[in-house]
Amino acid sequence: MKRTVLLCLPLLAACATTPREPVSVAEAYARALDEGRLQDAYALTNGAPEGEVAFLDRYSEEATRRERAAAVRSGTAVLEARAPSVTLAHTAQGWRVVEARPADVPRAALSRFLDNVEAREWQKAWSLLAAPLRARYTPERLREDFEREPLAKERLRRARLALNANVRVGAGEALFPLGEDRAVVLVLEDGEYRVASIE
């Protein structure tokens, strides 16, 4: 019996010190960056796309670490936790479920994309594209294509009108019908809707 209890103690200690809620994780990440504990900070990520070596290199300078830590802390007031079927928002009263209809989330994502294109915020618009399009384009190339394409303004106008249509939300995608077997298509990637096609 004693042996069983002793084996459980490290597990309990780990559970007690591992941050569980998103704000705690964000704060632990910011604190690790501030204190220069880069391995600890990296352990709190989902594994940066470029890998640990590049992460350690990126945050090797104290000014860069402090800037990132401050940005993380400032974002905790409006932090959201998302999954395909639920979004939680951090409020003054604690974590709350965002009650939205299934179509509201992809509609908001498409609206953000259109707003950014119309405002010529190409980096932000590019970040809202689905992975295959982000791999094919750069923000600069996206700008060039929109400026050169004679039908770009018409496509944006139709996509804007499609925001008012009945959105068909299926497994991993949302379709905004445009008529004639065409649609604006958003796909679900990492819990967020991204634009896959606007025609």
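In this predicted model, helix α6 passes helix α10 in a left-handed crossing. The axes of α6 (residues 104-118) and α10 (residues 152-162) come within 10 Å and cross at roughly 150°. Because angles over 145 degrees count as roughly antiparallel, α6 is described as roughly antiparallel to α10. On the α6 side the contact is made by L110, S111, L114, D115, V117 and E118, which meet L156, A159 and R160 of α10. Sorted by class, this contact between α6 and α10 comprises 5 nonpolar, 1 polar and 3 charged residues.

Further along the chain, strands β4, β5 and β6 are linked through two antiparallel pairings, of β4 with β5 and of β5 with β6.

| Strand pair | Sense | Bridges |
|---|---|---|
| β4 (residues 168-170) and β5 (residues 173-179) | antiparallel | 3 bridges |
| β5 and β6 (residues 182-189) | antiparallel | 6 bridges |

E173 of β5 appears in both pairings, since G170 stands opposite E173, while in β6 the bridge partner of E173 is V187.

Each pairing is also a hairpin: β4 and β5 have 2 residues between them, and G172 in that turn has a positive phi of about 80°, whereas the hairpin of β5 and β6, with 2 residues between the strands, has a positive phi near 50° at E180.

Technical notes
Residues are numbered from 1 along each chain as its sequence is written. This is a predicted model: local features need pLDDT of at least 70, side-chain atom pairs count only at pLDDT 80 or more; totals for chains, interfaces and linings use all residues. Side-chain values use heavy atoms; hydrogens and water are left out. Two strands pair if DSSP finds at least two bridges between them. Helices (H or I, at least four residues) and strands (E, at least two) are DSSP runs, numbered from the N terminus. Axes are lines fitted to C-alpha atoms, for helices over the stretch in contact, and angles run from 0 to 180 degrees between N-to-C directions. Angles under 35 degrees count as roughly parallel, over 145 as roughly antiparallel, 65 to 115 as roughly perpendicular and the rest as oblique. A crossing is left-handed if the near helix is turned anticlockwise from the far one by less than a right angle, and right-handed if clockwise. Contact means heavy atoms within 4.5 Å. Ala, Val, Leu, Ile, Met, Phe, Trp, Tyr, Cys and Pro count as nonpolar, Asp, Glu, Lys and Arg as charged, and the others, Gly among them, as polar.
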